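Dear colleague,

Please find below the structure that I am handing over to you. My notes on the contact between its chains follow, and I would be grateful if you read them with the model open.

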Protein chains: 2
Amino acid sequence: MSFQIGIGSNIRKSPYFEATVADGVSCFSVYNHMYIPAYFGDPDGEYKRLIEGVAMWDVAAQRQVEIAGPDAMALMQYLTTRDISTTKIGQGRYVPLCDHDGRLINDPVLLKLSEDRFWISIADSDIELWAKAIAAERGLDVEVFEPDVSPMAIQGPKAEDLAADLFGEWVRDVRYFWFRETALNGIPLVLARSGWSKQSGFELYLMDGSRGTDLWEIVKTAGTKYDIGPGAPNDVERVESGLLSYGSDARHTHFPANPFELGLGKLVDFSSGDDFVGRDALLQIKTDGPKRRYTGFVISGVPLEASQNQNPLVQNDKTVGFVAEMVYSPRLRKNIGIGLVNADINNGNDGLHIRLADGVRRVTLANLPFL
Amino acid sequence: MSFQIGIGSNIRKSPYFEATVADGVSCFSVYNHMYIPAYFGDPDGEYKRLIEGVAMWDVAAQRQVEIAGPDAMALMQYLTTRDISTTKIGQGRYVPLCDHDGRLINDPVLLKLSEDRFWISIADSDIELWAKAIAAERGLDVEVFEPDVSPMAIQGPKAEDLAADLFGEWVRDVRYFWFRETALNGIPLVLARSGWSKQSGFELYLMDGSRGTDLWEIVKTAGTKYDIGPGAPNDVERVESGLLSYGSDARHTHFPANPFELGLGKLVDFSSGDDFVGRDALLQIKTDGPKRRYTGFVISGVPLEASQNQNPLVQNDKTVGFVAEMVYSPRLRKNIGIGLVNADINNGNDGLHIRLADGVRRVTLANLPFL
């Protein structure tokens, strides 16, 4: 099945849109009401560049929510399950956000820009509305808004050399998830060691949406010696690496899950005594023990031609979980998946299976990450 | 420019997805994290069916937010600028929602199911998160969730005859925006006289997501005698009719507008004395007078081949507004647009223009609706 995407007025174009079109993007998805490249027509090459070289991604659709003002720290701490009191200026943190029932509603990266100014780099749900409602209803002295910030990622083992060529040798000392405000040919940006892969790399948070094409071309030109090429957050690599995808593996509206189920229990911190959204519900869930757990799957049979999604996992004619996404892993040479399974399934892997268009396939559980 | 859309795990398929694929959908967009058909490959025919016959649309992406419980009415009244105290059970209302600064964040249709139970049928932003945050922070005794409800629309002058064939002659007495719970071959649904066009018609709020294909086939079969065919919310007709498109004409994150600017001032009701989100900000805006107004545009030159979006409107080298969307109207035989213009532009239409890929075009202001 192949369909066109409507290029219309109600979905935004990224600052890198024209550059990615010029570089041959063939397929888009939509994330935070913005077009995001999905493929450039060479899935094997795009995967290989990420694993062995360096890829450049338009991830402007990871929109930022800025929280600024005297109560910014109070709001930020209230919004996340994680204790961020020790977070330093210039440090990023992965911060789960839950609703008042303890269901995950987003899993952004927090960037602490100053004592009273934060960005959260969000997954696909309208956290600006969420944070604004909570700030206003609690009477907090804080501004919540979307700044003009649009990340581009360079990911892969050669990303550090490229970043050093672009910005200087100091980038090699930037620790994982830390960042620095800087500029490139007068283009203001924040450089962070981060990105939605486990292949290492950086994200360039462009701070002037009018300079998207300029930044794209600078990175592309500097990357030529490393055979850089365009790509996008990669389904295969994310399953291999066990990276959670909010919206794919869980979404609060129709297949909710809590952080304990999703393997994020260590990021729910009750010890500080600070209140946070969902605290009571999550304490109860922790006490009772989670009903499901996030896991890897190995799927039998011939290599999957494309990723498959949202397949119920069956044992003894009962649905006992679901495979959120499954792919063929070129490195493992087998079909692997990721998703949730009931904590109380009988006899481990006995008789687990899924039904695909081409028939039934056996499934076994596997630890995450695969690689 | 033509691109594929990624069919992936983080965007939902509608209950009608398979039926629309079988009926030849060629292009999708994404709305409320769900695929929504955009075209079936015959733009002229799809427009003509809507204007002269009857079209069937998968609008399941108009997701519902259900608000239920003892404080449901209190929450609902607090969320909207409109006085809904006189709204009856079985009645729908168009209810603008604003943030605390008075910016529109959605413009749903409210359905009052009982004294303590409402649906809001939302435009493209995560109002479930918004409403849930406000309910929880205010300590209201209410449930906020997404029910299993997926609208399909039948729109066009022959939609009433079709609805009468399907449900009975009583549908002819259903007033505009009113609704009734009913069933079709055992499929539970709410039938409402509504829909995102001015060509009249109904929406069938399917209440069992597993029956999407069944409902689609029943409507299609009954519609054969009226030459029914698949379609989608229609850009051309909506500009002709002056229908606001939230996300296209304004979005709170990056081009916000308030109800007074968007021609919805009559739906902001200060008289009841009830508090609602944005009340103080909106009272100030009303006192000061809105800075912009929502208007139609007529655009000179040869017929536009496709709709164009987000074009700045220029006068004397200054940007004085923007044309959110413009189309060629087959009925008016001219190019028309919709969008916002500064309230203080000089000398009316003098020298207004936009710049398109094929050159500069003169623009004149026009009243909405065009038709």
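Chain A and chain B each contribute 51 residues to the contact. Please bear in mind that this is a predicted model.

The size of an interface is often given as the accessible area lost when the parts come together. Between chain A and chain B, about 4600 Å² is buried, and carbon and sulfur atoms give 56% of that area. On the side of chain A, the residues that lose the most area to chain B are F3(A), S9(A) and E137(A), which together account for 16% of what that side buries.

E137(A) also takes part in a salt bridge: its partner is R138(B), and the closest N and O atoms are 2.5 Å apart. The count between the two chains is 4 salt bridges. In addition, 33 residue pairs are in polar contact across the interface of chain A and chain B.

Which elements of chain A give two or more residues to the side that touches chain B? They are β1 (4-5), α1 (17-22), β2 (27-31), α4 (127-137), β18 (308-315) and β19 (318-329). The largest share, 9 residues, comes from α4(A). By type, the residues on this side of chain A comprise 21 nonpolar, 18 polar and 12 charged.

Finally, strands pair across the two chains: β2(A) is joined by 2 bridges to β1 (residues 4-5) of chain B, and these strands run parallel. Within this pairing, F28(A) stands opposite I5(B) in β1(B).

Yours sincerely,
A colleague

Definitions and conventions: Residues numbered from 1 in each chain as written. Chains lettered and ligands numbered in written order. Predicted model: local features only at pLDDT ≥ 70, side-chain atom pairs only at ≥ 80, totals over all residues. Heavy atoms only, no water. Contact = heavy atoms within 4.5 Å. Buried area = accessible area lost by both parts, 1.4 Å probe. Salt bridge = Lys/Arg side-chain N within 4 Å of Asp/Glu carboxyl O. Polar contact = N/O pair within 3.5 Å; in protein donor to acceptor, adjacent residues only side chain to side chain. Helix = DSSP H or I, 4+ residues; strand = E, 2+ residues; numbered from the N terminus. Nonpolar A, V, L, I, M, F, W, Y, C, P; charged D, E, K, R; others polar. Pairing = 2+ DSSP bridges.
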